[in-house]
Amino acid sequence: MCGIAGIIGARLPGPELEAGTERMRLALRNRGPDDTGTFLSPATGVALTHTRLAILDLSAAGHQPMRSPDGRHVIVFNGEIYNHAALRRGLEAAGEQFTSHSDTEVVLAMYRRHGPACVHELEGMFAFCVWDERERTAFLARDPFGVKPLYYHAQAGRLVFASEVRAVLASGLVPRKPCREAVFSYWLFGTVQEPLTIADGVHCLPAGHHLTWQDGHARVRCYWEPQIIGEGIAAADVVPATRAALRESVSRHLVSDVPVGVFLSGGVDSTCVATLVRALGGQNLQTFCITFDDPAFSEGDVAASTARHLGTQHHQWKMDAAAGRALLADFLQASDQPSIDGFNTYCVSRFARERGLKVVLSGLGGDELFGGYGSFQLVPKLVRAGRWASLIPFAPMLAGHALEALGRSPRMGRLGHYLTDRPSAAGAYWCGRGIFTPSEAARLIRHFLGDVGEAVEDATRHFSVPRQPTLEDTVSYLELTRYMRNQLLRDSDVMSMASGLELRVPFVDRKLFEVLRQIPAAIRLAPGKELLLRAVPEIPEWVALAPKRGFAFPFEQWIAAEWGEVFQRIKATSPVPLRTWYQCWCVHALEQCLTRLGLR
Amino acid sequence: MPVAPRLHVWVPDYQSSHGGIQTFSRFFIRALLDCLPGAEIEVLAKNDDSYPASIAGGRRTFRCAGWWPMPYRTFLFAAQLGARAIRRRPDAILTTHANFAPFARTIQAVTGVPYGVVAHGIEVWGARSRGLRAGLRGASRIMAVSAFTRGRLLAELGLKPAAVGLLPNTFLPEQFTPAAKPNYLLRRYGLEPEQPVILTVARLAGAERYKGYDQILHALGPLRRQQPRVRYLLGGRGQDRQRIERLIRELNLAAHVTLVGFVPDHELEDHYNLCDVFAMPSKGEGFGIVFLEAMACGKPVLAGNKDGSVDPLLNGQLGALVDPDDVPSIARELELILTRRHPLAILQQPEELRRCVIAAYGYDRFVTLLAGQLRELGFAPAASAS
């Protein structure tokens, strides 16, 4: 797990190329405290740089950028390949020789042997670039679910890429301008939707895609996407198949040359991960939890009971408002793109790193796969109700406009907007997950950036949702590809790397998904995560029977005290009423981001 | 006709399902935007329930009715089509499925708006419904996807040849390129790289048995004596699967057949590259986009000679055509292709095969042909589309 960056095809004098690369490397230094390296080839206009957090093969043999034995290929790699040992054995049997134990060398050998198709063989999380000196081509790839980020700018025959947007901008080769469409999507959802980024001209390589750069042109292709099938596993086999797939995934995610811990809240997902780690024989397991004075937020007692039950070495950090407030400024500084989330991951990552851990497993993804969110009930209800309501001509539209104009809460406003349009799953999903309505977003964007532009006006409606077997499957698809991908995974990566910690997510695993997608929605997404609880019956009942709470912080109280004046100013100048703390925070986070990245 | 015409395009699906007509509809709309960049285009899709970003914005709108429960959907969609047409008075209605033709004829009677219909295959061959026949006869322009379909329409409906044009299916060459057999698929299906592989991708529905996978299963009997390691990969899902599994057991072919299930779009190219021959001796194909895609990957194809499949194979110039009911002939042709002894030289020349199929059916050619059809309807396509 590291930071990578590069410039390809830049017609720059050597010193300028080197300086641009150095700036990118420095922008990524927090991602890799253990080592750094740079490959420079001014003759071809290519520079690759890398900051390393050593997890596999801690020796200097894992140094990057890494060259192939014949010198033709150079790789920079970020991530972990959990099946690297099996791939290595296959490659060795085919005559390959290795000089290190790192997975990077395996990825390089796989690319040399299989070309772009190598991505199908890699199990894990990854973002990498391979430069082919002979063919003068670059190949970039990102893992199927987008656990690891990769941003790029391809223009004027050159390609600039990095693990974070700020590093792409640090190259000095990309004009610093905000992307209106991205800002619009941020107002709607509280996070920028890929492939957009907050910086105009900088794109996010979508999850499950690869990019080939040749002769100054970039071609992006999809190699995998989460397609739910809803059939293929007999009812009697569902629970054992789910358990086996979960065990295998957790087992894969334990591959490491350093100790692996677990983020343990009081929820089902993290308890499931910790339980399976213990069931797989994980000794001296360390678990981490943050607790609060406020019992409305604290899950510390539940987590502590679970830790005792599992026999883990449990670490709890009781945070108070003062400690929280002290970290908020650092948190904002660590952010890459603006987000209304991520603080919880930032705090617990920092805590785990201070306790000496470099790798931690998280239960992220369990809600999306097993129907843990309220959206699995809300969205189908909204769609079905909307269908029937629209049988009465003009009624939903009139009610919608009235609600949007007069509703006293953001939720009512979104519901109103939803009613004014056709009742689609995408619209209902936004209604549940959104922050501002499109008309509010348009007013905000005019306030911040000037005119909106016609093309971005109603992005709530204009996102494609491939047809899934059921409406509930559609919600699962949306949660996996919108909320999880654009918010949870992105925030988790940036916020864990800010402390030099590798966060692994066993639920977000292609092989696990390819088993689960064959289970009908009625079983897989049954309320209360019934399937997960049946597959892992060791989960203690005080967790299984507890109501879902999520990993929440008493954020509202903290920021109200810390940023009271700032929020007053934001509210006073905002062109739309800001009724909740998260709407205020949303505006504040964007302002901070635009300033930090020099986008205005 | 105005310089910036107003068009309504009626499609059964835009992105809500996978299939030949859906793929055609997407290309049709994309090419329409290329041909008439200034046009006001309103796409109305019956079964979609989300909005594609590619159509949003400017003078383009997308409406869909897929959220309605099936029993009411047809009626409500028709009401929507009618209301939009009466209110907006487009210069023409174009539909990519002939089932919409009778309603387009009604709209024409009420509003005078002319309409064009795309005719694919079985939905128009031997049409008995009086409404459908009248809908086709009343069209200002019929665009048949194959010469085979065009010939049948002329013969069965007594239409004037000038009223029925040709607009064959297309594909994107950059999405289907030749490559080595993908290792991950070799591993997934337990294949050796040099093992001969036959591939069919089709919907496994009882109503689509005309695709000819039964005949290939029967042909495997004699073929495996010549090619003991041959493997037949049958991709697709549907309710016919259990019957196929029974047939495989009855023919004792378990070691030679793999039912690979649904092949997602992003794996389609890799599956073509995995095979040594793409075979679909169909009897009811309107055209067969899969043949184009497989040939673009440089793969030899085998198709039936009694339906629209003859068009993508250029009447046998680009691939092997067989009598789809003649199992020994299918086995013989497959054997010749797999052993690279087939007399049709292009089957052993993947690059040339790719070049020819792009020249005949690439997207640029599709745009040119659509521009010609639009001219026949009285529109003036952009010069770049000609």
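**Chain B: its two domains and its neighbour**

Biologist: How many salt bridges are there between domain 1 and domain 2 of chain B?
Modeller: Keep in mind that this is a predicted model. To count here, a side-chain nitrogen of Lys or Arg has to sit within 4 Å of a carboxyl oxygen of Asp or Glu. Between domain 1 and domain 2 of chain B, the count is 0.

Biologist: Okay, then how many residue pairs in polar contact link those two domains?
Modeller: For this count, both residues of a pair need a pLDDT of 80 or more. With that filter on, the number of pairs between domain 1 and domain 2 of chain B is 3.

Biologist: Which helices of domain 1 each supply at least two residues to the side touching domain 2?
Modeller: That side of domain 1 of chain B has 7 nonpolar, 11 polar and 1 charged residues. Two helices of chain B each hand over at least two residues: H1 (20-35) and H5 (147-157).

Biologist: How much area is buried between the two domains?
Modeller: First, where they are: domain 1 of chain B covers 6-170 + 362-385, and domain 2 covers 173-360. Their contact takes 19 residues from domain 1 and 20 residues from domain 2. Carbon and sulfur atoms give 61% of the buried area, and the total is about 1300 Å².

Biologist: Which residues of domain 1 lose the most area to domain 2?
Modeller: We're after the top three here, and together they make up 35% of what the domain 1 side buries. They are B:His18, B:Phe148 and B:Asn169.

Biologist: Now for the other chain. Which three residues supply the most area that chain B buries against chain A?
Modeller: In this pairing, 32 residues of chain B are in contact with 28 residues of chain A. The area buried between the chains is about 2700 Å². Of chain B's share, 28% comes from just three residues: B:Tyr51, B:Trp67 and B:His266.

Biologist: What does B:Arg187 form a salt bridge with?
Modeller: Chain B and chain A have 2 salt bridges between them. In the one with B:Arg187, the closest N and O atoms are 2.4 Å apart. The partner is A:Glu121.

Biologist: And which element gives the most to the side of chain B that touches chain A?
Modeller: Three helices of chain B give two or more residues: H2 (70-88), H6 (183-188) and H9 (265-274). The top giver supplies 4 residues, and that's H2(B).

Key: Residues are numbered from 1 along each chain as its sequence is written. Chains are lettered from A and ligands numbered from 1 in the order in which they are written. This is a predicted model: local features need pLDDT of at least 70, side-chain atom pairs count only at pLDDT 80 or more; totals for chains, interfaces and linings use all residues. Side-chain values use heavy atoms; hydrogens and water are left out. Domain bounds come from an automatic or database domain assignment. Contact means heavy atoms within 4.5 Å. Buried area is the accessible area (1.4 Å probe) that two parts lose on being put together, summed over both. A polar contact is a pair of N or O atoms within 3.5 Å; within protein, one must be able to donate a hydrogen and the other to accept it, and residues adjacent in sequence count only if both atoms are side-chain atoms. Ala, Val, Leu, Ile, Met, Phe, Trp, Tyr, Cys and Pro count as nonpolar, Asp, Glu, Lys and Arg as charged, and the others, Gly among them, as polar.
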